[in-house]
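Open the model in your viewer and keep the sequence panel beside it. This tour goes from stop to stop, saying what to select and what is there.

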Amino acid sequence: MWGVFVWGSRMEGILLVDKPVGPSSFDVVRAVQRLSKQKRIGHAGTLDPLASGLLVICLGRYTKFASFLTNTSKVYESIFTLGKSTTTDDAEGEIIEEKSIGHLSESDINDALMSFKGKIEQAPPQFSAIKINGQRAYKMARDNQEFEITPRSVELFELVLMAINLPQISIGVHCSKGTYIRALARDLGEKLGTGAFASQIRRIKSGNYCIEDALSLNDLDEESIAKTLKTGREAVGTLPIVELDEKNTLLAKHGKQLEINASFSDCFVGFFQSEPIAILKNENSAIKIVRGI
């Protein structure tokens, strides 16, 4: 169902916002916090200021879902510019190298792109929020400090070469949590031997949340937030749901082991009627509470 939980004067639920290019993700979160009068607020994955698209914002007790919603896969539509490399791997940085792209064919580009499909080791951009010895990488990069970022395992489930209009190409990416689209542009440029940077990044899906259901930043106000908040079953993303009876609901609320059977290996949500009660997990054939809602 669509609706809104109001505790006192504060709204609770999951809000989808279409972030434009320019403001940071935290700028949007602060705007939602001010309009909703909700102190407890979080998000399920940031976007760079130069990226646009879907932000999943959690309000009130639904902030307890944030870490689980962050773990879901993402879908992006992006434009890469070939033949140039930048310090930030996007259009914000300084151009550090230029190379010819006149020799590239569609098959060259497609073959190189498809070589990244599947599980890969990806090094995040130097200008990123990754912490190195307690410092943000982008701050160290701005101070011209030398450092290395350890590559991380990510998975690219689907890559689609949507259009070619050299020096730009349009691609679609379905990827796991933690994937940097800027890094994919950089690595594709290295693979082609031409250099590349991400000139446009737009997130259109996060888990089962879609950009079509998101509010634009200009449409944000107290009324629109209240009308479009997702609550109840619509708010738990891709997490499986198990129905609880009154007895198990009471056990969950008191932090005790539940007397139910569930075959899920990962976390799932226990519901009593329309209310989420707890995030649960099957451990050694016993249902344990991961987090109360």
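## The whole chain

Start with a cartoon view: the chain has seven helices and 19 strands. This is a predicted model. Along its principal axes, the C-alpha atoms fill a box of roughly 70 × 45 × 40 Å. The chain has 293 residues, and buried residues make up 49% of them.

## Stop 1: a patch of positive charge

Select K131, R136, K139 and R142 and show their side chains. These residues gather in a patch of positive charge on the surface. One of them, R136, belongs to strand β10, which covers residues 135-136. R136 has a relative accessible area of 33%, so it is partly exposed.

## Stop 2: the cysteines

Next, select C58 and C267 and show the sulfur atoms. How many disulfides does the structure hold? The count is zero. C58 takes part in no disulfide, and the cysteine sulfur nearest to its own, that of C267, is 15 Å away. Seen from the other side, the closest cysteine sulfur to that of C267 is in C58, and 15 Å is too far for a bond. A disulfide needs the two sulfur atoms within 2.5 Å.

Are these two cysteines buried or exposed? C58 has a relative accessibility of 0%, so it counts as buried. C267 also counts as buried, because its relative accessibility is 15%.

## Stop 3: a cis peptide bond

Move to L166 and P167 and show the backbone atoms. The peptide bond that runs from L166 to P167 is cis, and its omega is near 15°. P167 sits in the loop between β11 (152-165) and β12 (168-175).

## Stop 4: two residues with positive phi

Select D89. This residue is not a glycine, yet its phi is positive, at about 65°. The loop that holds D89 runs between β6 (84-86) and β7 (95-98). D89 is buried, because its relative accessible area is 8%.

Now select Q273, which is not a glycine either and has a positive phi of about 55°. Q273 is placed in the loop between β17 (268-272) and β18 (275-283). Is Q273 buried or exposed? Its relative accessibility is 57%, so Q273 counts as exposed.

## Stop 5: salt bridges

Turn to the charged side chains. How many salt bridges are there? The count comes to 12.

Begin with E222 and K37, whose side chains meet in a salt bridge at 3.4 Å, N to O. This pair links distant parts of the chain: E222 is in helix α6 (residues 222-228), while K37 is in the loop between α1 (25-36) and β3 (41-43), 185 residues apart. E222 is partly exposed, because its relative accessibility is 39%. K37 is likewise partly exposed, with a relative accessible area of 42%.

Then select K99 and E97. They form a salt bridge in which the closest N and O atoms are 3.8 Å apart. K99 has a relative accessible area of 40%, so it is partly exposed. The partner, E97, is partly exposed too, at 39%.

Go on to E259 and K247, where the side chains meet in a salt bridge at 2.6 Å, N to O. Here again the pair links distant parts of the chain: K247 is in helix α7 and E259 is in the loop between α7 (246-253) and β17, with their positions 12 residues apart in the numbering. E259 counts as exposed, because its relative accessibility is 53%.

Finish this stop by selecting E12, R61 and E275 together. Salt bridges that share partners join these residues into one network.

## Stop 6: a serine in a loop

For the last stop, select S263, which is found in the loop between α7 and β17. S263 has a relative accessible area of 73%, so it is exposed. Add C210 to the selection and draw a line between the two C-alpha atoms. S263 and C210 are 28 Å apart in space, C-alpha to C-alpha, and 53 residues apart in sequence.

Definitions and conventions: Residues numbered from 1 in each chain as written. Predicted model: local features only at pLDDT ≥ 70, side-chain atom pairs only at ≥ 80, totals over all residues. Heavy atoms only, no water. Patch = residues over 30% accessible without salt bridge, like charges linked within 9 Å, V, L, I, M, F, W, Y side chains within 5 Å. Areas by Shrake-Rupley, 256 points an atom, 1.4 Å probe, with all protein chains shown as cover. Salt bridge = Lys/Arg side-chain N within 4 Å of Asp/Glu carboxyl O. Lys, Arg positive; Asp, Glu negative; His and termini not counted. Charge placed at Lys NZ, Arg CZ, Asp CG, Glu CD. Helix = DSSP H or I, 4+ residues; strand = E, 2+ residues; numbered from the N terminus. Buried < 20%, exposed > 50% of the residue type's maximum accessible area, 1.4 Å probe, protein only.
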